[in-house]
Amino acid sequence: MYPGIKFQVKGEPNDLGAAIQLSREDRYQFQWWALSLIRAKPLGGQEGSKEGKKGSDKGIDGVIAFIDDNTGKAKRVLVQVKSGHVKSGDIRDLRGTIQREQAAIGVFITLESPSRDMITESVSAGFYHSVGWGQDYPRIQILTIDDLLRGRTQLKMPPQFGTFKQASRVQRNIAEQPELFG
């Protein structure tokens, strides 16, 4: 199109190989991209800036808020993204972060398949019960990049959008039939 001009087109990964490549080239871009797969808001610095990338994120890379009861108070799903070297201790750490931050659910997004110990650790965390939706959701969830890209898994949580309003109580009175005069 333009002779002598070289350019490189970069886009979002659409397969596991491209995701691995992004994680190697720029782990922060990988993290932000992985968070976008489940619509989580990144924490710890602005996308594309050098500022805010360093420092402690306290084990939280992203967050999703939802409301599932009539208090109107938002509850949180905390998300952690790891591109490699995952182990069961990572799930224990996430569990501790969920407890410390009083979050409802924790999500661990990883490039690698989880080990049996990681799965056992996540299952042992139990469930978050949504009173408003009358449903249980795994408290700790492990999602792999490959499964997310292939549509084999998704985050299990109360709806993020929409409103929840508790139905008002209806007082039941005993129906009385008036006398009929004829």
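**Exercise 1. How are α1 and α2 oriented to each other: oblique or parallel?**

Solution. The model is predicted.
Step 1: locate the first helix. Helix α1 covers residues 16-25.
Step 2: locate its partner. Helix α2 covers residues 27-36.
Step 3: take the geometry. The axes of α1 and α2 come within 5 Å and cross at roughly 135°.
Step 4: apply the cut-offs. Angles over 145 degrees would count as roughly antiparallel, and 65 to 115 as roughly perpendicular. The crossing falls in neither class, and α1 and α2 are therefore oblique to each other.

**Exercise 2. Identify the residues where α1 meets α2, and sort them by character.**

Solution.
Step 1: list the α1 side. Ala19, Leu22, Ser23 and Glu25 take part.
Step 2: list the α2 side. Arg27, Gln29, Phe30 and Trp33 take part.
Step 3: sort them. The contact of α1 with α2 holds four nonpolar, two polar and two charged residues.
Step 4: assign names. Ala, Leu, Phe and Trp count as nonpolar, and Glu and Arg as charged. Ser23 and Gln29 are then the polar members.

**Exercise 3. Classify the ring pairs Tyr28 with Trp32 and Phe30 with Trp33.**

Solution.
Step 1: count. The whole structure has three aromatic pairs.
Step 2: take Tyr28 and Trp32. Their ring centres lie 6.4 Å apart. Pairing requires centres within 6.5 Å, so this pair qualifies. The planes meet at 40°, so the pair is tilted.
Step 3: place that pair in sequence. Tyr28 and Trp32 sit four residues apart in helix α2, so about one helical turn separates them.
Step 4: check burial. Trp32 has 6% relative accessibility and therefore counts as buried, because the cut-off is under 20%.
Step 5: take Phe30 and Trp33. The centres are 5.9 Å apart and the planes stand at 45°, so this pair is tilted too.
Step 6: place the second pair. Phe30 and Trp33 are three residues apart in helix α2, about one turn of the helix. Both are buried. Both also belong to the contact with α1.

**Exercise 4. Summarise the chain as a whole: elements, burial, contacts and surface.**

Solution.
Step 1: count elements. The chain has five helices and seven strands.
Step 2: order them. From the N terminus they run α-α-β-β-β-α-β-α-β-β-β-α.
Step 3: quantify burial. Of the 182 residues, 35% are buried.
Step 4: gauge contact range. Among contacts with a separation of 6 or more, 59% join residues 24 or more positions apart.
Step 5: read the surface. The accessible surface is about 12,800 Å², and 49% of it belongs to carbon and sulfur atoms.

Methods: Residues numbered from 1 in each chain as written. Predicted model: local features only at pLDDT ≥ 70, side-chain atom pairs only at ≥ 80, totals over all residues. Heavy atoms only, no water. Phe/Tyr/Trp six-rings, centres within 6.5 Å; stacked < 30°, edge-to-face > 60°. Helix = DSSP H or I, 4+ residues; strand = E, 2+ residues; numbered from the N terminus. Buried < 20%, exposed > 50% of the residue type's maximum accessible area, 1.4 Å probe, protein only. Contact = heavy atoms within 4.5 Å. Areas by Shrake-Rupley, 256 points an atom, 1.4 Å probe, with all protein chains shown as cover. Axes fitted to C-alpha atoms, helices over the stretch in contact; angles between N-to-C directions. Parallel < 35°, antiparallel > 145°, perpendicular 65-115°, else oblique.
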